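Got your viewer open? Let's take a walk through this one together, one selection at a time.

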Amino acid sequence: MSHPTTWKRPPVLFTHTLWRRTIYVGALIYLVLAMQSIEVDWQRVYLGLDRGWKFVEGFLTPDFTTRWRDISEGLIESLTMTVTSTVAGILVSVPIGIGAARNLAPAPVYLACRGIITLSRSFQEIIIAILLVAMFGFGPFAGFLTLAFASIGFLSKLLAEDIEACDRSQIEAIRATGAGWWQVVNYAVQPQVMPRLVGLSLYRLDINFRESAVIGIVGAGGIGATLNTAIDRYEYDSAGAILIIIIAIVLVVEYSSSYIRRWVQ
Amino acid sequence: MTDRPISPATSPAPPVWHFRSRKQVLLRWLGWFALVALTVFCWQLMTRDTIWAFVSDAPAQAADIGGRMFPPAWGYISELWEPLWDTINIATLGTLIGVAIAIPVAFLAASNTTPSTRFVRPLALLVIVASRSINSLIWALLLVAVIGPGLLAGVIAIGLRSIGFVAKLLYEAIEEIDTSQVEAVRATGASGAQVIDYAIVPQILPAFWGISVFRWDINIRESTILGLVGAGGLGLQLSASLATLAWNQVAMIFVVILATVVISEWVSARVRQAVI
């Protein structure tokens, strides 16, 4: 009797040899094809490197003063859009979230609310912004509507999942006292999901600010428009300043929201 | 003053249980008030320059656009196959680049595998934060200015954006591993690389595949719009159709995007179910 002297690690993903080889070969063929679809104009890249370096320089020596009026205007638009759209998003998504929870809502309401959530989640914020700008005209109002609409899908989906995961015994206990539907929602469900709702809202505030920095590119107001103009004008020092401000605000929002979340929970 | 026996009628009301003390109630009201005031203030600042005529006109505009969108230009799909292929390539190659860079960053950022918590870890965390806080559209905007319009700018933009997301989730997974397996492998006299290969990698592999596929799914969505700033794919077609106000072509592009997003979401859900 001979015992094996070497050990070979068993494959993790595809245990069948034939399948594994087919998938590896397929992936390789795909990679080669995909690489070929990229056309690189090396001369253009070479010319661009100079600009790239200027951008790095601009990022290291940001110019806050020359375009400060534009920057501050964009910032105010972005920040006000973020706050109002998050609040509006929460106000709308709480009823929709309750409606989309299977244990609280009747079937037709459940389906309608799930439909709204799917609709809101399937399109990028930018695409919604394009449509809303076409309807409501340029400016932060279209951005506000975009972010509020996108928040609904995010918040109500997670809220509904949270309500469905609620402790059933508390709901039954409140119901056993003869409480009506509203009282069950208010006394049994609300205390269970409230800390999480606060956490999700803060997280959404964070996301809405990040998104508000982009939707300006398609005309929906905010710092994105200023950034777009700065890059179009090759003013990389102003663009660097804007990016530094965005990163700083994102950091502040992220740290303060994680602090508040810990305080609430 | 006469001493009177305390009768039930005159005794003070029995204490009522309150969920919160008076001070807490007051503080909460103050907090709510501050929130409402802030919102109203922001609302007024934001709508200062809003032209309300456009807003009241919006339902008519929506009906008009809806009318122009329907029916979608079904024949236009023959021109969409190539941009769709480009979009999928941007997302996939971008995810590959992002993951390839994210793996070392994640190992440097995880507090149990980083070579130095004082210098290397903050640096890796900085990379993660910088990548996460800048949207892929902004990355694309910069890269189009630097290396010119085309797929390459899109691929790199998606890659740079993915680093932060993948590395953040991956380093959290690394920090949560079972340390007894690491100790067991180390006790056999394994080197640092061997410990990573045999004790850490098998533990984080399911999370790794889950995260990568999840990011790929997100990247498919993001790469559909990168063309708006010139980085190739469906967005290029979208901006061309928008510029000529060909709303039925726009509707067709939306149909294609929706179908792609739904399929990619299904694929990613299946893969995640298989590995986790």
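Here is a tour in a few stops, from the place where two chains meet to some bends in the backbone. Keep in mind as you go that this is a predicted model.

**Stop 1: where the chains meet**

Colour chain A and chain B separately and zoom in on the contact between them. Chain B brings 59 residues to it, and chain A brings 56. The size of an interface is often given as the accessible area lost when the parts come together. Here, the area buried between chain B and chain A comes to about 5000 Å², with carbon and sulfur atoms giving 78% of that. Now select B:M46, B:L141 and B:V146: in chain B, these lose the most area to chain A, and together they make up 12% of what that side buries.

**Stop 2: a charged pair across the interface**

How many salt bridges does the rule find across the interface of chain B and chain A? The count is 1. To see the pair, show the side chains of A:E254 and B:R132, whose closest N and O atoms are 3.2 Å apart. Why might two such side chains pair up? Side chains of opposite charge can pair when their charged atoms come close. The interface of chain B and chain A also has 8 residue pairs in polar contact. On the side of chain B that touches chain A, you can colour by residue type and look for 44 nonpolar, 9 polar and 6 charged residues.

**Stop 3: the second largest pocket**

Next, select A:M194, A:V198, B:R28, B:W32 and B:L35. Of the 41 residues lining the second largest pocket, these lie nearest its centre. The space in this pocket is about 1900 Å³. Which element gives the largest share of the lining? That's helix 8 of chain A, with 15 residues. Highlight helix 8 (181-212) of chain A along with helix 1 (22-46) of chain B, both among the elements that give two or more residues to the lining. By type, the lining of the second largest pocket splits into 31 nonpolar, 8 polar and 2 charged residues.

**Stop 4: a salt bridge within chain A**

Over all chains, a search of the whole structure turns up 18 salt bridges. Try A:E164 and A:R114, whose side chains meet in one of these, at 3.6 Å from N to O. A:E164 sits in helix 6 of chain A and A:R114 in helix 4 (residues 107-122) of chain A, so this pair links parts of the chain that are 50 residues apart.

**Stop 5: backbone oddities**

Last, switch to the backbone and go to B:P71, in the loop between helix 2 (52-69) and helix 3 (81-109) of chain B. The peptide bond from B:F70 to B:P71 is cis, with omega near -5°.

Then hop to A:Y234, in the loop between helix 9 (223-232) and helix 10 of chain A. A:Y234 is not a glycine, yet its phi is positive, at about 60°. Finish at B:L245, in the loop between helix 9 (234-243) and helix 10 (247-275) of chain B, where phi is also positive, near 55°.

Note on methods: Residues are numbered from 1 along each chain as its sequence is written. Chains are lettered from A and ligands numbered from 1 in the order in which they are written. This is a predicted model: local features need pLDDT of at least 70, side-chain atom pairs count only at pLDDT 80 or more; totals for chains, interfaces and linings use all residues. Side-chain values use heavy atoms; hydrogens and water are left out. Contact means heavy atoms within 4.5 Å. Buried area is the accessible area (1.4 Å probe) that two parts lose on being put together, summed over both. A salt bridge is a side-chain nitrogen of Lys or Arg within 4 Å of a carboxyl oxygen of Asp or Glu. A polar contact is a pair of N or O atoms within 3.5 Å; within protein, one must be able to donate a hydrogen and the other to accept it, and residues adjacent in sequence count only if both atoms are side-chain atoms. Ala, Val, Leu, Ile, Met, Phe, Trp, Tyr, Cys and Pro count as nonpolar, Asp, Glu, Lys and Arg as charged, and the others, Gly among them, as polar. On a 1 Å grid over the protein atoms alone, a cavity is a set of points where a 1.4 Å probe fits but cannot get out, and a pocket is an open set with protein on both sides within 12 Å along at least five of seven lines; lining residues have an atom within 4 Å of a point. Grid points are joined across faces, edges and corners, and a volume is the space filled by probe spheres set on the points. Helices (H or I, at least four residues) and strands (E, at least two) are DSSP runs, numbered from the N terminus.
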